[in-house]
Amino acid sequence: MAAQGEDLNLEATELRLGLPGTVESEKQQMPPSGRSMKRNLIDVNDERESNKEESDGLSAQNCDKQDVHRPSKAQVVGWPPVRSYRKNCFQKKVESESTGAFIKVSMDGAPYLRKIDLKLYKGYSDLLKDLQDMFKFKVGEYCEREGYNGSEFVPTYEDKDGDWMLVGDVPWNMFITSCKRLRIMKGSSEV
Amino acid sequence: MDPSKSRDSAESTRVIQFPNDVLERILSLIDSHRDRSAVSLVSKAWYNAERWTRRHVFIGNCYAVSPQIVARRFPNIRSVTLKGKPRFSDFNLVPPNWGAEVHAWLAVFADQYPLLEELRLKRMTVTDESLKFLARKFQKFRALSLLSCDGFSTNGLEAIATDCRHLTELDIQENGIDDISGNWLSCFPENFTSLEVLNFASLSSDVNFDALERLVSQCKSLKILKVNKNITLEQLQRLLVRAPQLTELGTGSFLQELTAHQYEELERAFIGCKNLHALSGSWEATTLYLPVLYPACTNLTFLNLSYAALPSEELAKLVAHCPHLQRLWVLDTIEDVGLQAVASNCPLLEELRVFPADPYDQDINRGVTESGFLAVSLGCRKLHYVLYFCRQMTNAAVARIVQNCPGFTHFRLCIMKPGQPDYVTNEPMDEGFGAVVKTCTNLRRLGVSGLLTDLTFEYIGRYAKNLETLSVAFAGGSDRGMQCILDGCPKLRKLEIRDSPFGNGALLSGLEKYESMRSLWMSACKVTLNGCKMLARQRPRLNVEVMKDEDMDDGQSYKVYVYRTVAGPRTDAPSFVHTL
């Protein structure tokens, strides 16, 4: 262990996150993690302004070794001890503030779902064309009275109230604000 | 107190024999599982009477005992509380698929406890199949509470809503689940009336509001309702007028725009809820409508704002209306100035939890500091439970805080930068935590942080005579630290340590201790496989489980989980968990 420590010059790379200039004469006073640790990045898109105090303590050598997109502070797994659920709540908040209306799309029988950004489409025909490409199916002809005729595939969506609606009934702008997710139903199964 | 103890020794052999049914009648009035454990140790007769009359069993570690053993001992259980994974699994330190699956328990219960009514699970893995099984097999099932569990989806909840005809409680909190749709709520039967507790605040899919409204109207005994953030203010108003008897309310978000009329109606709805004593919700930063809550705040004893990232001024205004507040959970957006408002307005406060709104933000000027904590300790002398996330602290402040409030039972201080010293003196935080354990003689739970040497642990070992739970991270200097704890704290039950320089010497110094504890967790410390093997060899009644630590580069680090058990080594351990 000790030999390893010397080779890696652990003292220089040590993640001492205390204030710069802290005198640490005794071994006991050093923060205990003298090992090289992988730092897992929690927020990949997180770009924090580099804090000068931090970069004095952190050696560039250590960070480069980890080959990590670097926030000002390397993030430790599970620290601070905040429950994942709680963390995700606030990350989600940030996501919803950004532009784009990403919703999940499922198709009956498909092994996995897709995600699309509704804001990228100009209207229903644009959306349906893309969906048909993505999932390799064809919708029937839409008419107000009977819905989609001529295909076993029917595009539906879940609205804000939790109800499953037929795609195409409401004006496009109303649709993109109220659509929570899409589901391409197959066969004559009822919603 | 047993009166026979006061008689002289010649008579003490003549123990008064109660007829069994009298004994059982008396014992059936005892609820606390600790009291019951004590009762069961008195004599064989009492052991038997106790086991026949026990209705609720609490299992703090699902691997400490097997469902078969539980069923054999307690034939008449109606309510089970089960805890599974080690607490650090909440922070991603335990790999997925580790275990703690509830299904094996349910299978035995279906056989032995067909009349089971209540199941409360924490950190267990629950699948949709298990939920369906539960709904099918237990005809009298009434209450389901899932906290910090994983493995299920809203499909499983559909089964519960559909098939549990007598359901009174459905409490889904902070679980890692697959939120597919809100359809589960629509699965309650049309004439369903028994619900008393409904908490789906942490689910994000929309539920059908008409179904919810109908449910709330029909369930006249509904006392606790916590909806998710998709419920609008207008919808909330409609729910409240149908359930003015609510005692606990979790609102949706406060984002909707209201007309003046709608605002008045909402205000009246809140005024109508005269029994409300607990309030929570995920309130967004636009806070125009918070004043509708003010009338309801007068009687509040618990305010949970930990999902409401509100600015400090709004929080300050809100708490100013809560003179009877006993418990406050809040984000650090409250800042010191908001805590000052708490101190001035909430003299009855007993519990304060301040969570970080942005745990990874390094900006020292955000959040709370030692001043806020100090202010609360001055204004709220009954304070005994604190969880406090902050970016700076001093020994002097901590010492003064515990001087103001010596009654702390739970002191959990998290200085968010690992190994950070007292920011004024640059010294370790030893003296601060020393003051905590010296002054707070009733301390049962302690979470330490900051730069700490072995001295902190000497203090803890020497003074914390009632300590039951200790959490350590990035602290200590040598084996001696952990040894002091293991030698010193007679009531220690749970010890969890991460990223601290404690090795085999420390681990083995607890040989005499571990069987009196529930569990020990060590990760990113200096224990080696050999040390763990030695422990396992010398203590066959402990399960010593090791997992390779994937977060460490050196390929030699292990996560160690040691716990006492009467069930032997796990039979369901995945390949990455090795029982030594």
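1. Let me start with the loop that joins α6 (124-135) to β3 (141-143) in chain A, which is where Lys136(A) is found. Please bear in mind that this is a predicted model. Lys136(A) is not a glycine, yet its phi is positive, at about 55°. The residue is exposed, with a relative accessible area of 68%.

2. A positive phi in a residue other than glycine turns up in chain B as well: Asp499(B) has a phi near 50°. Its place is the loop between β19 (494-498) and α20 (504-508) of chain B. Is Asp499(B) buried or exposed? Asp499(B) counts as buried, because its relative accessibility is 3% and the cut-off for buried is under 20%.

3. Back in chain A, do have a look at the peptide bond from Trp79(A) to Pro80(A), which is cis, with omega near -5°. Pro80(A) belongs to the loop that runs between α4 (60-66) and α5 (84-97) of chain A.

4. Now for the aromatic rings. Over all chains, a search of the whole structure gives 27 aromatic pairs. One of them is Tyr63(B) with Trp98(B), an edge-to-face pair with 5.7 Å centre to centre and 75° between the planes. Tyr63(B) sits in the loop between β1 (56-59) and α5 (67-73) of chain B, and Trp98(B) in the loop between β2 (79-83) and α6 (103-112) of chain B, so their contact ties together parts that lie 35 residues apart in sequence. Both Tyr63(B) and Trp98(B) are buried.

5. Another pair worth opening in your viewer is Tyr459(B) with Tyr463(B): the ring centres are 6.5 Å apart and the planes meet at 45°, so this pair is tilted. Both residues lie in helix α18 (residues 454-463) of chain B, four residues apart, or about one turn of the helix. Tyr459(B) counts as buried at 10% relative accessibility, whereas Tyr463(B), at 32%, counts as partly exposed.

6. Which residues join Tyr63(B) and Trp98(B) in one aromatic cluster? They are Phe88(B), Phe91(B), Trp521(B), Tyr561(B) and Tyr563(B). Trp98(B) also has a charged neighbour, as the charged end of Arg570(B) sits over its ring, 4.5 Å from the centre.

7. Finally, a similar arrangement to check in chain B: Arg327(B) lies over the face of Phe302(B), at 4.0 Å from the ring centre.

Notes. Residues numbered from 1 in each chain as written. Chains lettered and ligands numbered in written order. Predicted model: local features only at pLDDT ≥ 70, side-chain atom pairs only at ≥ 80, totals over all residues. Heavy atoms only, no water. Helix = DSSP H or I, 4+ residues; strand = E, 2+ residues; numbered from the N terminus. Buried < 20%, exposed > 50% of the residue type's maximum accessible area, 1.4 Å probe, protein only. Phe/Tyr/Trp six-rings, centres within 6.5 Å; stacked < 30°, edge-to-face > 60°. Lys NZ or Arg CZ within 6 Å of the ring centre and 35° of its normal.
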